[in-house]
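Please give a guided tour of this structure for a viewer session, saying what to select at each stop and what is found there.

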Amino acid sequence: MFCIKASSLISSLCYSIFKLEPYTSCYFNCSYCYSRWYGVDHMQQPTPVYSILSFFRNIVREVRRRGLKPIPFRLSTLVDPFQPVELEHKISLKILKIALEEEYPLIVNTKSTLVMHGEHGVVLERLLENKLAVLQVSISVLSDRVSGIIEPRAPSPAARLKLLEYYGSRGMPIVLRLSPFILGASPTMPEEFEGLAGALRDIKVKHVVVESLRLESSSMTMLATTLGLRDIQVESYSLRGEPGLVRFSRHVLGKVYRELSEKLLKHGITFATCKEGLFEYHTAPDCCGIFMLRDARARTTLYDVYLHLKEAPGTSMQDLTTTYLEACKRFNRLCKEHISEYPRPISKPLRWHEKKLLRVLEDRNTLVHVAPSLVNYLTLASEQK
């Protein structure tokens with residue numbers, strides 16, 4: 001309920017696996033929404049999940065009681081926490097208040113402009129000011145027309161940019177989540193990146209994370225036709241799991257991401273990819289923006305292994321499990337015996353995810369699929385010896 005299921009991709013690449021889903025479904029019902037793979041029925045009216053309030057409060061109090069660094073929770077991953085029904089039930093507001101009272105960090109992700117107003121805005125602003133929250137605002141396309149096709153119930157991209165400006169202009173830790181990234185519909189060309197980077201600099205966005213679209217093959221073809229996209233190149237997303245699930249070719253995405261990363265860096269904005277394994281384009285310590293939070297701790301990922309290998313000359317590449325442990329220590333991440341210090345509802349899923357990550361490290365075929373940048377670096381370093 002509160003933890004993302006372990007998988008080769010999630011376990012290997014995600015710094016925070018804990019989530020708070022305040023509602024059973026999402027009013028915005030975007031055409032590309034991933035939640036349908038997890039049993040979310042958007043035909044049903046969103047209803048509040050009150051049980052997460054007591055769960056969240058109990059967990060954060062126990063973590064604080066033990067004197068441990070908090071592991072950030074995501075609000076949320078499958079549904080928008082500030083969709084219209086929030087005005088009536090205020091589950092997300094109550095979560096924000098618990099986080100503020102207990103000084104517990106959150107990664108807040110939304111398309112909604114509700115958090116610019118009223119009590120929601122007041123509480124979120126206090127969290128942001130105290131570096132107890134990072135606000136991720138999701139935008140897929142900049143065109144209001146295209147947005148109206150793929151996410152007709154969501155606020156316009158222009159409105160979401162105003163949300164970023166509202167908090168960014170006051171120096172708050174905000175992130176543009178360019179998600180889902182759709183080649184040819186999202187900003188894709190160098191001149192578009194220059195304009196985007198300049199605009200983000202002006203509204204004081206600190207970090208950009210990009211996550212490319214993944215869909216069933218037939219749905220990807222249908223969307224491309226609807227948006228007038230030609231000659232799209234796709235590859236399999238999942239080694240096992242959802243049949244026929246594809247994403248844009250990472251060979252093509254890599255060229256695009258390189259250009260975007262370089263343009264952003266010139267304007268002082270960091271960049272990372274989400275669940276792509278394309279680490280060579282990252283310019284931030286982590287993908288989510290956890291580095292902007294106060295006193296938060298994240299689990300170890302393959303990006304840490306990649307950074308450790310690159311930045312610590314002489315590191316052995318023969319035993320990647322040892323490298324994983326060295327990276328964990330070097331970057332003060334969470335791994336191995338320290339996991340058991342946390343309450344069981346946290347430590348148990350952390351162990352599941354770590355076991356999955358270590359299995360990926362031992363399987364070169366899976367590792368190529370999950371983190372091609374790491375494999376490419378290992379191959380190059382081996383050839384140079």
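The tour goes from the whole chain to two charged surface patches.

This is a predicted model, in which local features need pLDDT of at least 70 and side-chain atom pairs count only at pLDDT 80 or more, while totals for chains, interfaces and linings use all residues. Residues are numbered from 1 along each chain as its sequence is written, and side-chain values use heavy atoms, with hydrogens and water left out.

Start with the whole protein as a cartoon: it has 15 helices and nine strands (DSSP runs numbered from the N terminus, H or I of at least four residues for helices, E of at least two for strands). The radius of gyration, 20 Å, is close to the 21 Å of the globule rule for 385 residues, so the protein is as compact as a globular protein of that length (taken over C-alpha atoms; the rule is 2.2 Å times the number of residues to the power 0.38). Along the principal axes, the C-alpha atoms fill a box of roughly 60 × 55 × 40 Å. Of the 385 residues, 60% are buried (under 20% relative accessible area; exposed is over 50%, partly exposed in between, with a 1.4 Å probe and protein chains only).

Next, select helix α13, residues 344-362. Lys355 lies in this helix and counts as exposed because its relative accessibility is 51%. Add Arg344, Lys348, Arg351 and Arg359, which form a positive surface patch with Lys355.

Then select Glu362, also placed in helix α13 and exposed at 62% relative accessible area. Together with Asp319, Glu326 and Asp363, Glu362 forms a negative surface patch.

Patch members have over 30% relative accessible area and no salt bridge, with like charges joined within 9 Å and nonpolar side chains (Val, Leu, Ile, Met, Phe, Trp, Tyr) within 5 Å. A salt bridge is a side-chain nitrogen of Lys or Arg within 4 Å of a carboxyl oxygen of Asp or Glu.

How values were computed: Areas by Shrake-Rupley, 256 points an atom, 1.4 Å probe, with all protein chains shown as cover. Lys, Arg positive; Asp, Glu negative; His and termini not counted. Charge placed at Lys NZ, Arg CZ, Asp CG, Glu CD.
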